[in-house]
Amino acid sequence: MSVSKEDVIEFLKNMSVIELSGLVKELEEIFGVSAAAPVSVAVAGAPVATEPPKPVEEQTEFTVVLTEVGPQKINIIKEVRAIVSGLGLKEAKDLVEGAPQNVKEGVSREEAEKYKKQLEALGAKVEIK
């Protein structure tokens, strides 16, 4: 004698909630499955993150770049010599005349801003990278 799907449904309708709960647990154990529905929460249009976002590394070292000399070339050469310790007059002159050139590398943001202001006060154009 075979049992139809309708017979099984009719049988289940006559069971109490406690009996159904026990039956579900028994079937989960027998077949090694879970009757719990998978829960998925997503907002429409929002990307699903698979990894936690990586923190953005903040730049800690900057380079002061002399891009244009301006009208006070001699004063800028003197200022460059003051900024770059151990730089001779010829080296400072070559650096200034060869603009764009790196004046100071690997300095803090505050130090780079200070050098930029000093050179710009003399008419030079300076970038911080």
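In which helix is the place of Glu28? In this predicted model, Glu28 belongs to helix α2, which covers residues 17-31. The relative accessible area of Glu28 is 25%, and because this value falls between the limits of 20% and 50%, the residue is classed as partly exposed. Leaving aside residues up to four places away in sequence, Glu28 touches Val33, Ser34, Ala35 and Ala36.

The protein as a whole contains five helices and three strands, and these elements, followed from the N terminus, are arranged in the order α-α-β-α-α-β-α-β. Of the 129 residues in the protein, 19% are buried. When contacts between residues at least 6 apart in sequence are considered, 65% of them join residues that are at least 24 apart.

In soluble globular proteins, nonpolar side chains tend to be buried together. The largest nonpolar core of the present model comprises 21 residues, and those with the most contacts inside this core are Val64, Leu66, Ile76, Val80, Val96, Val103 and Leu119. At least two residues of the core are supplied by each of β1 (62-68), α3 (73-83), α4 (89-97), β2 (101-107) and α5 (109-120), and among these elements α3 gives the most, with four residues.

Helix α3 has both buried and exposed positions. Its buried residues are Ile76, Ile77, Val80 and Ile83, and because they fall within an arc of 125° when seen down the axis of α3, they line one face of the helix. On the other side of α3, the residues Ile74, Lys78 and Ala82 are exposed. An α-helix has 3.6 residues a turn, so residues three or four places apart point the same way. The buried residues of α3 pack against two strands, β1 and β2, and against two helices, α4 and α5.

Helix α4 likewise has a set of buried residues, namely Ala92, Leu95 and Val96. These residues lie on the same side of α4, because they cover an arc of only 95° around the axis. The buried residues of α4 pack against β1, α3 and β2. Val96, which is one of the residues with the most contacts inside the core, touches Leu66, Val69, Lys73, Ile76, Ile77 and Val80, when residues up to four places away in sequence are not counted. Lys90 is also found in helix α4, but its relative accessible area is 58%, which is over 50%, and therefore Lys90 is exposed. The C-alpha atoms of Lys90 and Ile77 are separated by 9.3 Å, although these two residues are 13 residues apart along the chain.

Two packed helices are described by the angle between their axes and the distance between the axes. For α3 and α4, the axes come within 9 Å and cross at roughly 120°, an angle that makes α3 oblique to α4. The crossing of α3 and α4 is right-handed. Where these two helices meet, α3 contributes Lys73, Ile76, Ile77, Val80 and Arg81, while α4 contributes Leu89, Ala92, Lys93, Leu95, Val96 and Glu97.

For α3 and α5, the axes are 10 Å apart and the packing angle is about 160°; because angles over 145 degrees count as roughly antiparallel, α3 is described as roughly antiparallel to α5. The crossing in which α3 passes α5 is right-handed. Here Ile76, Glu79, Val80 and Ile83 in α3 meet Tyr115, Gln118 and Leu119 in α5. Ile76 and Val80 of α3 are among the residues that meet α4, and both are also among the residues that meet α5.

A further buried position is provided by Thr63, which lies in strand β1. Thr63 has a relative accessibility of 18%, and because this is under 20%, the residue counts as buried. When residues up to four places away in sequence are left out, Thr63 touches Asn102, Lys104, Glu105, Gly106, Glu127, Ile128 and Lys129. Strand β1, to which Thr63 belongs, is also one of the elements that supply at least two residues to the largest nonpolar core.

Methods. Residues are numbered from 1 along each chain as its sequence is written. This is a predicted model: local features need pLDDT of at least 70, side-chain atom pairs count only at pLDDT 80 or more; totals for chains, interfaces and linings use all residues. Side-chain values use heavy atoms; hydrogens and water are left out. A nonpolar core is a set of buried Ala, Val, Leu, Ile, Met, Phe, Trp, Tyr and Cys residues joined through side-chain atoms within 4.5 Å. Buried means under 20% relative accessible area, exposed over 50%, partly exposed in between (1.4 Å probe, protein chains only). Contact means heavy atoms within 4.5 Å. The arc is that of the directions from the helix axis to the C-beta atoms. Axes are lines fitted to C-alpha atoms, for helices over the stretch in contact, and angles run from 0 to 180 degrees between N-to-C directions. Angles under 35 degrees count as roughly parallel, over 145 as roughly antiparallel, 65 to 115 as roughly perpendicular and the rest as oblique. A crossing is left-handed if the near helix is turned anticlockwise from the far one by less than a right angle, and right-handed if clockwise.
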